[in-house]
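Visitor: I would like to learn how to read a structure like this one. Could you take me through some features and show me each case as we go?

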Amino acid sequence: MTHRKKLIAGNWKMNKTPADAVALAREIVAAAGQRTDVDIVICPPFTATESVGKVLDGSTVKLGAQNLHPEKSGAFTGEISPDMLRALFVSHVILGHSERRALFGETDAFINLKVLSALKNQLRPIFCVGETLAEREAGATLKVVQTQVEAGLEGVGREAAADLIIAYEPVWAIGTGKVATTAQAQEVHAFIRMLLAKLFTEPVAQKIRILYGGSMKPANAPELLAQTDIDGGLIGGASLEARSFGELITAAAAK
Ligand code: PGA
């Protein structure tokens, strides 16, 4: 089995002024030190992208964004293009987060355009999928995830696919304190890897990191991160504080 380096990504969502973001980024850089055994990404809000980028310069912590618009430029009021992100040294971008899907009406087809645009522009997508509570209770989890994966990755070539990062985030576990059991998470992660092998090839699927997201905390992370197909975490709440985020980095390094 290919060794996949663990990745811990912080999704700060709509939190932190630029000044607060800089302060937190400084603490995270200090906590990360020079470690290279775990990949670390933080995704501040756009208003703090540039200032946080300056803090990360020369560190091992990478800069991510929480969204992008697939077009290069133009009449898209309120949107941010891949070029704008690249100009600020952003390397990763969260796409298809369930909050974007549920609250801002993003469809699989639109998310697919974003994934293709990110890859074309040398941004690594952190592409999110996951079922709602109603879907899980209806026994539709795997079907929902399959549709999201297949539609979201349509047209992605085998070579580009190695740059993908997938985040499995059960919607009912996000920000709720209800974490998926390790068995529930591992089942879906293994299923996603099987889908990736079908879409691309088995060696490519073995290279792609699949993160778990949804109330991941220092207390539950070690067990989740010990699962064969869980390659890291996309962290919301626990990424807003350097201490808990640092503990998650340490937990990932231990696996
Ligand atoms: P949470 O958020 O860790 O606060 O549950 C995860 C996410 O939405 O990416």
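Visitor: Which classes of residue make up the shell around the ligand?

Guide: The idea is to sort the neighbours by side-chain class. In this predicted model, the shell holds seven polar, four nonpolar and two charged residues. That makes 13 residues around the ligand, and the closest are Lys13, His97, Glu169, Gly175 and Ser215.

Visitor: Which atoms of Lys13 and Glu169 lie 2.7 Å from an oxygen atom of the ligand?

Guide: Here we look at atom pairs rather than whole residues. For Lys13, a polar side-chain atom lies 2.7 Å from a ligand oxygen. Glu169 also places a polar side-chain atom 2.7 Å from an oxygen atom of the ligand. Gly237 uses its backbone: an N or O atom there is 2.8 Å from a ligand oxygen.

Visitor: How much of the ligand does the protein bury?

Guide: For that, one takes the ligand's area alone and asks what share the protein covers. The ligand exposes 280 Å² when taken alone, and the protein buries 96% of that.

Visitor: Let us stay with Lys13. Where in the chain is Lys13, and is this residue buried or exposed?

Guide: Lys13 sits in the loop between strand 1 (residues 7-11) and helix 1 (residues 18-32). Neither word quite fits: Lys13 counts as partly exposed because its relative accessibility is 21%, and buried would require under 20%. The backbone of Lys13 is worth a look too, as its phi is positive, about 50°, although Lys13 is not a glycine.

Visitor: What else can I find in that loop?

Guide: Thr17 lies in the loop between strand 1 and helix 1 as well. With a relative accessible area of 42%, Thr17 is partly exposed. To place Thr17 in the fold, compare sequence and space: Asp231 is 214 residues away along the chain, and the two C-alpha atoms are 30 Å apart.

Visitor: How do I read a pocket, and how much space lies in the largest pocket?

Guide: Read the volume, then the lining, then the elements that supply it. The largest pocket has about 500 Å³ of space. It is lined by 19 residues, and Met14, Gln66, Asn67, Arg100 and Phe104 are the closest to its centre. Helix 4 (residues 98-103) gives the most to this lining, three residues. By class, the lining has nine nonpolar, six polar and four charged residues.

Visitor: And what is the volume of the second largest pocket, and which residues are closest to its centre?

Guide: The second largest pocket contains about 260 Å³ of space. Its lining has 15 residues, with Gly53, Asp57, Leu63, Leu88 and Phe89 closest to the centre. Helix 2 (residues 49-56) and strand 3 (residues 61-65) are the elements that give two or more residues to it. The largest share, four residues, comes from helix 2. Six nonpolar, five polar and four charged residues make up this lining.

Visitor: Phe89 caught my eye. Is Phe89 buried or exposed?

Guide: Exposed: the relative accessible area of Phe89 is 72%, and the cut-off for that word is over 50%. Phe89 belongs to the loop between helix 3 and strand 4 (residues 92-95). Its phi is near 70°, a positive value in a residue other than glycine.

Visitor: What about Glu131: where is this residue, and is it buried or exposed?

Guide: Glu131 is in the loop between strand 5 (residues 124-129) and helix 6 (residues 133-137). With 0% relative accessibility, Glu131 counts as buried. For a charged residue like this, look for its partners. The side chains of Glu131 and Tyr168 are joined by a polar contact of 2.8 Å, and those of Glu131 and Trp172 by one of 2.9 Å.

Visitor: Could we finish with the prolines? Where are Pro44 and Pro70 found?

Guide: Pro44 is in the loop between strand 2 (residues 39-43) and helix 2, and at 0% relative accessibility Pro44 counts as buried. Pro70 is in the loop between strand 3 and helix 3 (residues 82-87). Pro70 is buried as well, at 16% relative accessible area. Along the chain, Pro70 and Ser117 are 47 residues apart, yet 5.2 Å separates their C-alpha atoms.

Note on methods
Residues are numbered from 1 along each chain as its sequence is written. This is a predicted model: local features need pLDDT of at least 70, side-chain atom pairs count only at pLDDT 80 or more; totals for chains, interfaces and linings use all residues. Side-chain values use heavy atoms; hydrogens and water are left out. A residue is near a molecule or strand if one of its heavy atoms lies within 4 Å of it. A polar contact is a pair of N or O atoms within 3.5 Å; within protein, one must be able to donate a hydrogen and the other to accept it, and residues adjacent in sequence count only if both atoms are side-chain atoms. Accessible areas come from the Shrake-Rupley method with a 1.4 Å probe; for residues, only the protein chains shown count as cover. Ala, Val, Leu, Ile, Met, Phe, Trp, Tyr, Cys and Pro count as nonpolar, Asp, Glu, Lys and Arg as charged, and the others, Gly among them, as polar. On a 1 Å grid over the protein atoms alone, a cavity is a set of points where a 1.4 Å probe fits but cannot get out, and a pocket is an open set with protein on both sides within 12 Å along at least five of seven lines; lining residues have an atom within 4 Å of a point. Grid points are joined across faces, edges and corners, and a volume is the space filled by probe spheres set on the points. Buried means under 20% relative accessible area, exposed over 50%, partly exposed in between (1.4 Å probe, protein chains only).
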